[in-house]
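Please look over the structure shown here. The report below starts from one residue and works outward.

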2 protein chains.
Amino acid sequence: MHEPDPTRLAGDVLLTDQYQLTMAQLYYRQGLHQHKARFEHFFRSYPDYGNHQAGYAITAGLRTFVDWLNNAHFDKYETDVLARHPTISGGHIFGTDFLGWLREEGDFSELSINAIPEGRVVHPGVPLTVVEGPLILAQLVETALLNHLNFETLIATKASRVLDAARGGTVLEFGARRAQGSGAYSVVRGALIGGASGSSLVGRSHELGFLPRGTHAHSMVQAFMALGMGELGAFRAYAEVYPEETLLLVDTIDTLESGLPNAITVFEELRKKGYQPLGVRLDSGDLAHLAVRSAEMLDKAGFADTSIVLSSELDEITIWQILEQIAEEAPRYGVDADHLIKRLVYGVGSRLATSQGDPYLDGVYKLAAVADDGVWQPAIKVSDTPAKTMNPGAKRSWRVYDQRGVATADLLALEDELVQPPLELHHPNQLGVVRYLSADKVSGLEELAQPVSTTDLPSPHDEVVMAQARRVADLERLDPGVRRLVNPHVYHVSLSGPLAKLKQEMINQASR
Amino acid sequence: MHEPDPTRLAGDVLLTDQYQLTMAQLYYRQGLHQHKARFEHFFRSYPDYGNHQAGYAITAGLRTFVDWLNNAHFDKYETDVLARHPTISGGHIFGTDFLGWLREEGDFSELSINAIPEGRVVHPGVPLTVVEGPLILAQLVETALLNHLNFETLIATKASRVLDAARGGTVLEFGARRAQGSGAYSVVRGALIGGASGSSLVGRSHELGFLPRGTHAHSMVQAFMALGMGELGAFRAYAEVYPEETLLLVDTIDTLESGLPNAITVFEELRKKGYQPLGVRLDSGDLAHLAVRSAEMLDKAGFADTSIVLSSELDEITIWQILEQIAEEAPRYGVDADHLIKRLVYGVGSRLATSQGDPYLDGVYKLAAVADDGVWQPAIKVSDTPAKTMNPGAKRSWRVYDQRGVATADLLALEDELVQPPLELHHPNQLGVVRYLSADKVSGLEELAQPVSTTDLPSPHDEVVMAQARRVADLERLDPGVRRLVNPHVYHVSLSGPLAKLKQEMINQASR
């Protein structure tokens with residue numbers, strides 16, 4: 001065994017589970033590796049955070065996966081690693097035949113990918129990503145695909161909910177210190193696609209073309225205090241170095257008695273020099289109450305346009321509650337609640353970066369069909385739990401818009417079906433439960449998955465900005481009940497008649 | 001903005017929050033950057049998974065942080081990125097003076113680190129990592145330190161609990177598909193330090209000198225079925241390619257009616273050829289019941305020594321409940337429960353990789369003291385919540401063993417204190433609550449933090465193996481009540497008299 005090579009991580013073709021490689025060798029040895037296969041990636045259920053649940057998800061991570069695909073190769077380094085893996089009796093699990101094939105032909109350019117574009121609203125059971133190509137290659141990408149898409153989708157979904165709760169306020173991602181090592185990079189991208197305006201993480205933000213955000217920590221005030229210069233000295237130093245960007249953390253000693261008065265002193269000094277202070281940050285205590293009192297003091301001192309940044313264990317529910325409390329408490333202090341809410345900025349860290357409450361998306365990657373002599377053979381995995389039995393065969397997915405232009409259902413159909421209104425929407429698990437939509441109730445039918453190019457890619461920044469725009473457009477066409485933070489209305493994902501029939505036949509056949 | 005460079009991630013000095021850099025420039029501009037500072041990293045509370053809670057944690061991530069330190073440099077690439085960050089009026093946030101200093105002197109070799117070695121049992125409030133050196137450098141490592149140590153400690157702790165529940169059974173980490181992108185690498189290391197025997201993740205396992213684990217997925221059986229060769233054909237192919245390592249997933253169609261009979265057929269064929277089959281894997285359904293029925297069928301067929309691997313949404317509570325159910329149900333089928341439990345292997349994925357229930361450790365990195373003219377000035381951050389008020393000053397931490405050799409408390413004392421029995425153990429937050437330990441009740445006093453070398457490092461494999469051994473030794477010296485999975489007994493973390501006095505004085509002073 002040798003030292004890890006820290007430069008190999010990002011496009012690491014060995015970001016894979018051992019069984020992908022043992023299966024790949026088996027396909028190779030059995031001569032099955034070139035059979036055309038179709039895998040579908042989908043998630044089974046919305047994130048459920050315990051006392052609140054998502055009614056929609058925002059898909060993300062596709063570009064990260066495409067970057068992985070483009071960088072992942074079996075070079076000598078990788079096949080040497082695999083060649084060392086012993087069998088029980090001291091032989092080699094992986095033979096030189098297979099490893100040679102991996103090095104010569106084990107790249108992923110033969111795969112074709114269809115996917116729902118990043119940033120779109122998505123629902124359980126609908127394929128987000130469809131991979132088609134030689135069985136061996138389509139199998140080998142599973143782990144990386146699930147890893148990148150499941151996690152970024154999870155975080156984009158959480159961020160989107162935080163944005164919803166913040167009523168359009170600015171949300172910043174602050175979670176690097178509680179993320180999973182380099183997983184912090186994925187957090188940033190997921191959060192941006194979910195609607196965050198920026199992140200504190202420096203490198204990854206710049207790579208994505210967003211300016212990292214942040215000013216100072218308690219430690220700066222502590223250091224000045226320990227050196228006898230006090231909180232006021234710390235704030236003055238900050239304003240001196242960053243006169244255009246003075247945003248001060250006011251809770252190191254006592255927010256109302258020390259932090260805010262000192263901040264206002266420094267803001268007044270800045271104003272005399274012709275600078276506009278940016279605002280204050282509150283990181284502990286009763287954030288709603290302190291925001292009201294901060295607004296009161298800042299307004300009186302003539303700094304009504306400064307931001308008030310809130311941080312400390314925020315999530316969608318806490319933000320919702322803070323805004324409720326502000327609406328109630330602000331008038332008592334002569335503060336305009338609406339004006340205060342508009343100046344709030346939310347630094348959301350740990351609970352966003354880990355999707356606290358439900359830290360993983362149950363996304364899976366299932367074989368839907370294998371071609372035999374050029375004919376698709378549908379594949380199925382039956383389960384004791386009906387909801388876990390997959391929808392078989394090669395499929396296409398459509399979004400159905402009602403007469404108001406609101407998305408009313410997603411419809412899965414077989415690949416060669418002609419889908420047009422009137423529509424039969426079959427329940428995915430309950431045989432015979434059908435909803436009919438006459439043609440006049442359907443204002444649009446939109447195919448969800450699009451071909452994915454792995455070349456001529458937009459810049460990482462453009463990719464995120466386009467995804468952000470798709471999210472905004474989709475949320476406008478989503479029923480408000482589905483967006484509700486707690487106990488949302490259930491969106492319908494349905495099967496076409498022919499797909500429902502095939503599924504039932506295959507279940508009957510498998511259980512014979 | 002330019003394309004991300006995927007090779008730069010692992011030792012990325014820009015795995016940092018923006019405010020670390022703005023503070024660093026401020027220290028530089030104010031001439032404070034060379035003041036000697038001491039930061040302490042500690043966590044505030046054990047992971048609380050909701051209906052169950054940890055009573056101890058296992059520290060991990062130190063070596064990953066040291067590798068980051070050794071690879072993190074401000075080269076031209078990084079300072080160019082920072083130079084592009086504009087101010088509001090279009091100037092530059094970071095000046096050429098500061099960026100030049102970063103390139104010339106911004107490496108971390110001047111820092112000295114003391115830490116509790118990886119794998120040890122640790123408790124809230126006790127510094128796990130202590131960083132001493134120039135204020136600017138000690139500040140700049142905060143994000144990466146917290147990121148690596150918080151997360152690996154979280155996962156090592158969860159893995160250790162899973163091991164406890166498994167009563168010494170073999171635990172494998174299977175969570176890459178639900179981890180945070182490259183965070184999967186950190187999952188593997190944390191899980192191994194917490195006692196897992198291996199992981200499915202290929203690259204990272206090899207880098208750490210552990211063989212990755214895994215055999216095949218449902219998709220392989222599905223593919224053989226779709227191509228008309230059936231489950232038995234799939235199993236036969238597997239046994240042909242991997243005769244020494246045949247472990248078959250038996251739940252693709254029907255575990256008891258199809259999977260197990262087919263597996264036993266193939267096992268018998270293997271036996272005739274002189275091979276020992278490894279076993280079966282169960283991934284859905286009532287795992288306890290199916291394990292009993294699998295044992296019954298395998299025993300009857302003469303395969304009583306094969307493994308039975310369980311996977312699917314496992315965690316410490318599920319494993320505990322499965323073992324309870326097996327003890328009750330096995331006799332009804334003529335199966336020896338103890339023998340069955342000994343042959344079980346647990347593939348633990350999503351819930352281990354994300355520490356489901358509590359997906360982040362609340363570890364913080366606080367300025368404890370700054371030197372002024374060579375004299376340490378203690379620093380403090382006061383909080384409205386007494387438990388969040390840090391313990392000030394430069395400290396040392398000791399573990400106190402009672403007359404049975406069991407760890408009875410951790411004691412924080414000032415750096416220059418002489419700590420010897422009899423001991424006064426002051427409650428960290430409740431003034432005047434003191435426990436006395438006479439000399440005859442103390443069998444040992446052990447200093448917890450050790451100097452950390454950043455050169456001449458052991459191999460990554462040896463480092464993990466040493467950590468695993470430390471965990472085993474510490475758990476043997478831990479009260480069983482503290483190890484309890486649910487509602488554990490509370491371990492004491494106490495302050496010495498002089499430290500309690502300093503803390504009270506500084507709180508009084510700060511609130512004046």
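## One proline and its helix

This is a predicted model. Start at Pro261(A), which sits in helix α11 of chain A. Is this residue buried, exposed or partly exposed? A residue needs 20 or more other C-beta atoms within 10 Å to count as buried, and 12 or fewer to count as exposed. Pro261(A) has 17, so it is partly exposed.

Now look along the chain to Ser284(A). Pro261(A) and Ser284(A) are 23 residues apart in sequence. Their C-alpha atoms are separated by 17 Å.

## Helix α11 of chain A

Helix α11 of chain A covers residues 255-272, 18 residues in total. At 1.5 Å a residue it should span 26 Å. The C-alpha atoms at its ends are 24 Å apart, so the expected and modelled spans agree.

Which residues of α11(A) are buried? They are Thr255(A), Gly259(A), Leu260(A), Asn262(A), Ala263(A), Ile264(A), Val266(A), Phe267(A) and Leu270(A). What do these buried residues pack against? Their partners in chain A are two helices, α10 (230-241) and α12 (287-300), and two strands, β8 (247-249) and β9 (279-282). Just after α11(A) comes Gly274(A), with a positive phi of about 90°.

## Chain A as a whole

Chain A has 512 residues, and 56% of them count as buried. Its secondary structure comprises 18 helices and 20 strands. The C-alpha trace spans about 80 × 65 × 40 Å along its principal axes.

How much of the contact set links residues 24 or more positions apart? Among contacts in chain A with a separation of 6 or more, the share is 73%.

## Where the chains meet

Chain B puts 104 residues in contact with 103 residues of chain A. On the chain B side, helix α1 (residues 18-29) gives the largest share, eight residues. That side of chain B divides into 47 nonpolar, 43 polar and 14 charged residues.

Do the copies meet through the same surface or through different ones? Of the interface residues of chain B, 98% are also interface residues in chain A, so the surface is the same.

## How the copies are related

Two copies of a chain are related by a rotation about an axis and a shift along it. Here, chain B superposes on chain A after a rotation of 180° with 0.0 Å of shift along the axis. The RMSD is 0.0 Å. The two copies are therefore related as by a two-fold rotation axis.

Key: Residues are numbered from 1 along each chain as its sequence is written. Chains are lettered from A and ligands numbered from 1 in the order in which they are written. This is a predicted model: local features need pLDDT of at least 70, side-chain atom pairs count only at pLDDT 80 or more; totals for chains, interfaces and linings use all residues. Two residues are in contact if their C-beta atoms, placed from the backbone, lie within 7 Å. Helices (H or I, at least four residues) and strands (E, at least two) are DSSP runs, numbered from the N terminus. Ala, Val, Leu, Ile, Met, Phe, Trp, Tyr, Cys and Pro count as nonpolar, Asp, Glu, Lys and Arg as charged, and the others, Gly among them, as polar. The expected span of a helix is 1.5 Å times one less than its number of residues. Copies are superposed by least squares on the C-alpha atoms of residues with pLDDT of at least 70 in both.
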